[in-house]
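Open your viewer and get the selection tool ready. We will go from stop to stop, and at each one you will hear what to select and what to look for.

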Amino acid sequence: MDFPNYKKNWVVAGGGDGEVKLIDFGTKSFIFGENAHHDFHSDYVNKVRFYGDSDDILVSGSLDKKVKIWDCRVGKVVNQFDFGYEVIDLACGDGDKHGIG
């Protein structure tokens, strides 16, 4: 679970079903994740993080060996990487030093 650095009332969570859910507590609604979605992971989501200082981009890592980059504005995966091993944790950089590891 992660909270963005900005003033939006968003929280993101990953689950054992492979879903990534982005919830707006201000409106009490799902931004994405309440219905089946073809971009979800195929195994347990271990970690979700907002990318750096952005509240528009989030990153999810899963036991399906993939890291997915999500654009929260459209609720879709914009890139994904197959690491060849289960993703247990994620760390995302801030400022000029961006990276995912």
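In which loop is lysine 65 found? Select lysine 65 and you land in the loop between E5 and E6. Helices (H or I, at least four residues) and strands (E, at least two) are DSSP runs, numbered from the N terminus.

Before moving on, please keep in mind that this is a predicted model, in which local features need pLDDT of at least 70, side-chain atom pairs count only at pLDDT 80 or more, and totals for chains, interfaces and linings use all residues. Residues are numbered from 1 along each chain as its sequence is written, and side-chain values use heavy atoms, with hydrogens and water left out.

**The whole protein**

Switch to a cartoon view. The protein has 0 helices and 7 strands, and its elements read β-β-β-β-β-β-β from the N terminus on. Of its 101 residues, 40% count as buried. Here buried means under 20% relative accessible area, exposed over 50%, and partly exposed in between (1.4 Å probe, protein chains only). Now show the surface: about 5,800 Å² is accessible, and 49% of that belongs to carbon and sulfur atoms. Accessible areas come from the Shrake-Rupley method with a 1.4 Å probe; for residues, only the protein chains shown count as cover.

**Two lysines with a positive phi**

Go back to lysine 65. Its phi is positive, about 80°, although it is not a glycine. Most residues other than glycine have a negative phi. Lysine 65 counts as partly exposed because its relative accessibility is 36%.

Next, select lysine 28, in the loop between strand E2 (20-24) and E3. Lysine 28 also is not a glycine and has a positive phi, about 55°. With 74% relative accessibility, lysine 28 counts as exposed.

**Two buried aspartates**

Select aspartate 64, in the loop between strand E5 (57-62) and strand E6 (66-71). Which side chain of opposite charge is nearest to aspartate 64? That is lysine 68, 5.2 Å away, and aspartate 64 is buried yet has no salt bridge. A salt bridge is a side-chain nitrogen of Lys or Arg within 4 Å of a carboxyl oxygen of Asp or Glu. For charge, Lys and Arg count as positive and Asp and Glu as negative; His and the chain ends are not counted.

Show histidine 41 too: its side chain and that of aspartate 64 are joined by a polar contact of 3.0 Å. A polar contact is a pair of N or O atoms within 3.5 Å; within protein, one must be able to donate a hydrogen and the other to accept it, and residues adjacent in sequence count only if both atoms are side-chain atoms. The backbone nitrogen of serine 42 also lies 3.0 Å from a polar atom of the aspartate 64 side chain.

Now select aspartate 39, in the loop between strand E3 (29-32) and strand E4 (45-50). Aspartate 39 is buried without a salt bridge, and its nearest side chain of opposite charge is lysine 68, 5.6 Å away. One of its side-chain polar atoms lies 3.2 Å from the backbone nitrogen of valine 77. Not counting residues up to four places away in sequence, aspartate 39 touches Lys68, Trp70, Lys76 and Val77; contact means heavy atoms within 4.5 Å.

**Salt bridges**

Side chains of opposite charge can pair when their charged atoms come close. How many salt bridges does a search of the whole structure find? The search finds 5.

Select lysine 66 and aspartate 82, whose closest N and O atoms are 4.0 Å apart in a salt bridge. This pair links distant parts of the chain, with lysine 66 in strand E6 and aspartate 82 in strand E7, 16 residues apart.

Then select arginine 73 and aspartate 71, a salt bridge with its closest N and O atoms 2.9 Å apart. Arginine 73 is exposed, at 57% relative accessible area, whereas aspartate 71 is buried, at 11%. Add Asp56 to your selection to see Asp56, Asp71 and Arg73 linked in a network of salt bridges.

**Last stop: lysine 47**

Finally, select lysine 47 in strand E4. Lysine 47 is partly exposed, with a relative accessible area of 22%, and a polar contact of 3.5 Å joins its side chain to that of aspartate 89. Its other contacts beyond four places in sequence include Val59, Ser60 and Ile88.
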